[in-house]
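Please open the model in your viewer and keep the selection box handy. We will go stop by stop, with something to select at each one.

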Amino acid sequence: MRMSRSPIEPGSTVDERSLTAVSGDQVAVPDSDRLIHLQFRRFAGCPVCNLHLRSVVRRHREIEAAGVREVVVFHSPAEELVPHTTDLPFAVVADPARRLYAEFGVERSPRALLSPRAWGPVVRAVLSGVWNVVRGREHLPSISPHGGRLGLPADFLIAPDGRVRAAKYGEHVYDQWSVDELLELAARRETPAIDRVADDER
């Protein structure tokens with residue numbers, strides 16, 4: 001499945017906008033004082049998304065100290081997201097109409113789950129998710145999540161002037177920047193190359 005528009009390239013500029021987080025707070029993108037790490041994840045309660053976001057939560061103070069603000073987008077409605085995000089220390093944005101996904105060229109594809117590189121993280125995420133549900137730390141996702149299960153992740157690092165400093169389009173469901181990669185990118189002055197699948201591999 002191809003993207004609905006061209007990918008966002010490093011060096012391009014993102015239009016100013018105010019996003020409404022599920023908490024009701026307004027989130028300015030870009031942020032005049034900090035880098036924005038704009039993450040596109042999948043659906044509310046997605047076990048693989050939760051596995052990754054737990055690593056972000058553990059190191060959130062370190063991320064903030066590097067001058068980065070986390071903004072995480074899901075393609076679920078706000079009412080589905082709220083039970084899963086109340087303890088997250090960063091902004092979570094609902095985009096059930098997938099307008100931001102389309103604008104940033106974030107796609108859906110069967111390879112999200114069919115890639116062999118995704119299978120290990122999926123198993124770890126499910127086992128970890130079940131244990132956290134049993135302990136009351138997480139909620140089960142919907143059996144039929146809004147927007148389906150085939151979303152691919154994407155990451156964008158946006159400077160205060162709106163310029164995209166780095167971008168990554170995931171090749172499978174657990175293909176996103178690690179916290180270490182994010183911190184390394186935030187410390188760079190030069191714009192790195194885009195990280196995405198070549199068109200002839202889609």
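Start by selecting Asn50, which has a relative accessibility of 13% and therefore counts as buried, since the cut-off for that class is under 20%. Asn50 sits in helix α1. Keep Asn50 selected and add Thr85, which is 35 residues away along the chain. If you draw a distance between the two C-alpha atoms, it should read 9.8 Å. Bear in mind throughout that this is a predicted model.

**Zooming out**

Now show the whole chain as a cartoon and colour it by secondary structure. You should find seven helices and seven strands. Walking from the N terminus, the order of elements is β-β-β-α-α-β-α-β-α-α-α-β-β-α. Next, try colouring by accessibility: of the 202 residues in the protein, 48% are buried. A contact map is worth a look too. Among contacts with a separation of 6 or more, 70% are between residues 24 or more positions apart.

**The largest nonpolar core**

Select Ile63, Val68, Phe74 and Leu157. In the largest nonpolar core, which has 25 residues, these four touch the most other members. To see where the core comes from, highlight α1 (47-58), β4 (68-74) and α7 (179-187), each of which supplies at least two of its residues. Which element gives the most to this core? That is α7, with five residues.

Next, centre the view on Val68 and show its surroundings. Leaving aside residues up to four places away in sequence, Val68 touches Leu35, His37, Ile63, Leu157, Leu182 and Ala186. Apart from the largest core lies another one, of 23 residues. Its members include Phe40, Val71, Ile158 and Ala167, so select those four to find it, bearing in mind that a core is a set of buried residues joined through side-chain atoms within 4.5 Å.

**Salt bridges**

Switch to sticks for the charged side chains. Side chains of opposite charge can pair when their charged atoms come close. The count here comes to seven salt bridges, and we will visit some of them.

Begin with Arg17 and Glu103, where the closest N and O atoms are 2.6 Å apart. Arg17 belongs to strand β1 (residues 17-20) and Glu103 to helix α4 (residues 99-103), so this pair ties together parts that are 86 residues apart in sequence. Is each end buried or partly exposed? Arg17 counts as buried, at 19% relative accessibility, while Glu103 counts as partly exposed, at 26%.

Move on to Glu62 and Arg59, whose side chains meet in a salt bridge at 3.0 Å, N to O. Glu62 has 39% relative accessibility and counts as partly exposed. Arg59, at 23%, counts as partly exposed as well.

Then pick Arg188 and Glu184, another salt bridge, with the closest N and O atoms 3.0 Å apart. Arg188 is partly exposed, with a relative accessible area of 35%, and Glu184 is partly exposed at 47% relative accessibility. Before leaving the charges, select Asp31, Arg34 and Arg69 together: salt bridges that share partners join them into one network.

**Cavities and pockets**

Time to turn on a surface and clip into it. How many cavities of 30 Å³ or more are there? The count comes to two. For the second largest cavity, select Arg41, Arg42, Val48, Cys49, Pro153, Val173, Tyr174 and Gln176, which form its lining. The volume of this second largest cavity is about 30 Å³. Colour the lining by residue class and you will get five nonpolar residues, one polar and two charged.

Our last stop is the second largest pocket, with a volume of about 190 Å³. It is lined by 13 residues, and those closest to its centre are Ser23, Leu88, Phe90, Ala91 and Val92, a good set to centre the camera on. Highlight α3 (78-85) and β5 (91-94) as well, the elements that give two or more residues to the lining of this pocket. Coloured by class, the lining of the second largest pocket shows eight nonpolar residues, three polar and two charged.

How values were computed
Residues numbered from 1 in each chain as written. Predicted model: local features only at pLDDT ≥ 70, side-chain atom pairs only at ≥ 80, totals over all residues. Heavy atoms only, no water. Salt bridge = Lys/Arg side-chain N within 4 Å of Asp/Glu carboxyl O. Helix = DSSP H or I, 4+ residues; strand = E, 2+ residues; numbered from the N terminus. Buried < 20%, exposed > 50% of the residue type's maximum accessible area, 1.4 Å probe, protein only. Contact = heavy atoms within 4.5 Å. 1 Å grid on protein atoms, 1.4 Å probe; cavity = no way out; pocket = protein on both sides within 12 Å on 5 of 7 lines; lining within 4 Å. Points joined across faces, edges and corners; volume = space filled by probe spheres on them. Nonpolar A, V, L, I, M, F, W, Y, C, P; charged D, E, K, R; others polar.
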